[in-house]
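User: Could you take a close look at one part of this model for me? I'd enjoy a connected walk through how its helices pack and what holds the surroundings together.

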Amino acid sequence: MKKIALEEHFITKSLLEYTQNSDFLAMNQSHVIDFQEWLLDIDHLRLEAMDQAGIEISVLSMTDPGLQEKMLDAKTATAQAQEANEYLAGRIGKFPRRFRGFAALPMQDPKAATKELERCVREYGFLGAMINGQTDGCYLDDEKFYPFWEKVQELDVPIYLHPGSPQEMPENYSGCDELAGALWGWTVETGTHALRLIFNGIFDRYPKVKVILGHLGETLPFLRWRFDSRWGIVKHAKELK
């Protein structure tokens with residue numbers, strides 16, 4: 001049986017330096033060159049790897065941190081999103097049977113992000129979008145993103161909530177920096193982001209919205225018993241107040 005891979009990253013040349021200044025700094029330098037080569041390739045290397053792994057279709061998305069981390073200027077983020085999405089659409093057009101796309105979105109400007117999502121879905125046939133965590137300390141349960149979620153529901157496409165770093169590194173990672181990223185911290189950050197969407201009512205307000213979590217659901221399914229148990233107590237405490 002052939003497979004579909006949902007979290008397959010790429011990068012554009014114009015965003016390579018930006019990525020190097022964040023994600024690649026946490027890697028051994030000996031691995032960085034190989035990662036760059038693979039991320040820049042949406043051609044023979046990737047197709048060969050897909051064939052070897054029995055992957056029929058790869059859904060491509062911009063590598064972390066996407067446009068979310070440290071790119072605070074909304075106009076710059078919007079321009080970079082449009083450029084990256086146009087590039088990806090062009091590559092998909094050359095290999096339409098093998099590649100699909102998740103849009104990169106400038107969440108610094110919710111209106112621009114909403115417009116870009118609709119453009120990518122309607123014009124390019126993208127399957128949804130990938131968002132890499134918080135943007136300037138703001139999470140997706142914030143009220144300013146309500147119109148965005150309304151459009152997501154209207155378009156009936158999923159949002160892939162990918163790991164990203166918090167705006168400020170928690171003190172409990174001090175002296176143990178390796179815990180802050182993919183090894184542990186990203187799971188905590190992304191799982192917490194997803195819980196914010198749940199507990200702050202995004203799925204109550206927009207019941208048809210679909211959010212994808214990778215990495216075995218960022219461990220949340222294994223803790224559902226705890227959420228169910230403790231929420232009963234927390235809810236009761238709130239009612240007493």
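In which kind of crossing does H5 pass H6, left-handed or right-handed?

Analyst: Happy to walk through it with you. Please keep in mind that this is a predicted model. H5 passes H6 in a right-handed crossing.

The geometry of that pair comes next. The axes of H5 and H6 are 9 Å apart, and the two helices pack at an angle of about 15 degrees. They count as roughly parallel to each other because that angle falls under 35 degrees. On the H5 side, the contact is made by Ala113, Thr114, Leu117, Glu118, Val121 and Arg122. H6 contributes Pro147, Phe148, Lys151, Val152, Glu154 and Leu155.

Charged residues take part in this contact, including Arg122 of H5 and Glu154 of H6. Side chains of opposite charge can pair when their charged atoms come close. Here, glutamate 154 forms a salt bridge with arginine 122, and the closest N and O atoms are 3.4 Å apart. This pair links distant parts of the chain, with glutamate 154 in helix H6 (residues 146-155) and arginine 122 in helix H5, 32 residues apart. The bridge belongs to a wider arrangement: salt bridges that share partners join Glu118, Arg122, Lys151 and Glu154 into one network. Arginine 122 is exposed, since its relative accessible area of 53% is over 50%.

H5 also packs against H4. For this pair the angle is about 10 degrees and the axes are 11 Å apart. H4 and H5 are therefore roughly parallel to each other as well. From H4, the residues Thr78, Ala81, Gln82, Asn85, Glu86 and Ala89 meet Ala112, Glu116, Arg119, Cys120 and Tyr124 of H5.

Two of those H5 residues, Glu116 and Arg119, are also partners of each other. Arginine 119 forms a salt bridge with glutamate 116, with 2.7 Å between the closest N and O atoms. Because they sit three residues apart in helix H5 (residues 110-124), about one helical turn separates them. Arginine 119 is buried, with a relative accessible area of 18%, and glutamate 116 is buried too, at 4% relative accessibility. In contrast to these two, arginine 122 of the H6-facing contact is exposed.

The structure holds 11 salt bridges, and another of them involves the loop that follows H4. Arginine 98 forms a salt bridge with aspartate 51, where the closest N and O atoms are 3.0 Å apart. Arginine 98 lies in the loop between helix H4 (74-94) and strand S3 (99-104), while aspartate 51 is in helix H3 (residues 44-53), so the pair ties together parts that are 47 residues apart in sequence. Aspartate 51 counts as partly exposed, at 47% relative accessibility.

Moving on along the chain from H5, we come to strand S4 (residues 128-132), where asparagine 132 has its place. Asparagine 132 is buried, with a relative accessible area of 3%. Its side chain is joined to that of histidine 162 by a polar contact of 2.9 Å. Leaving aside residues up to four places away in sequence, asparagine 132 touches Met62, Asp64, Pro65, Gly66, Gln68, His162, Pro163 and Gly164.

Two of these neighbours, Asp64 and Pro65, deserve a look at their backbone. The peptide bond from aspartate 64 to proline 65 is cis, with omega near 5 degrees. Proline 65 is found in the loop between strand S2 (55-62) and H4.

The loop between S4 and H6 has its own backbone detail at aspartate 136. Although aspartate 136 is not a glycine, its phi is positive, at about 55 degrees. Aspartate 136 is partly exposed, with a relative accessible area of 45%. Aspartate 142 lies in the loop between S4 and H6 too, and is partly exposed at 31%. Aspartate 142 and asparagine 200 are 8.8 Å apart in space, C-alpha to C-alpha, and 58 residues apart in sequence.

Finally, on the other side of H6, aspartate 156 lies in the loop between H6 and strand S5 (159-162). Its phi is near 60 degrees, again a positive value in a residue other than glycine.

Key:
Residues are numbered from 1 along each chain as its sequence is written. This is a predicted model: local features need pLDDT of at least 70, side-chain atom pairs count only at pLDDT 80 or more; totals for chains, interfaces and linings use all residues. Side-chain values use heavy atoms; hydrogens and water are left out. A salt bridge is a side-chain nitrogen of Lys or Arg within 4 Å of a carboxyl oxygen of Asp or Glu. Helices (H or I, at least four residues) and strands (E, at least two) are DSSP runs, numbered from the N terminus. Buried means under 20% relative accessible area, exposed over 50%, partly exposed in between (1.4 Å probe, protein chains only). A polar contact is a pair of N or O atoms within 3.5 Å; within protein, one must be able to donate a hydrogen and the other to accept it, and residues adjacent in sequence count only if both atoms are side-chain atoms. Contact means heavy atoms within 4.5 Å. Axes are lines fitted to C-alpha atoms, for helices over the stretch in contact, and angles run from 0 to 180 degrees between N-to-C directions. Angles under 35 degrees count as roughly parallel, over 145 as roughly antiparallel, 65 to 115 as roughly perpendicular and the rest as oblique. A crossing is left-handed if the near helix is turned anticlockwise from the far one by less than a right angle, and right-handed if clockwise.
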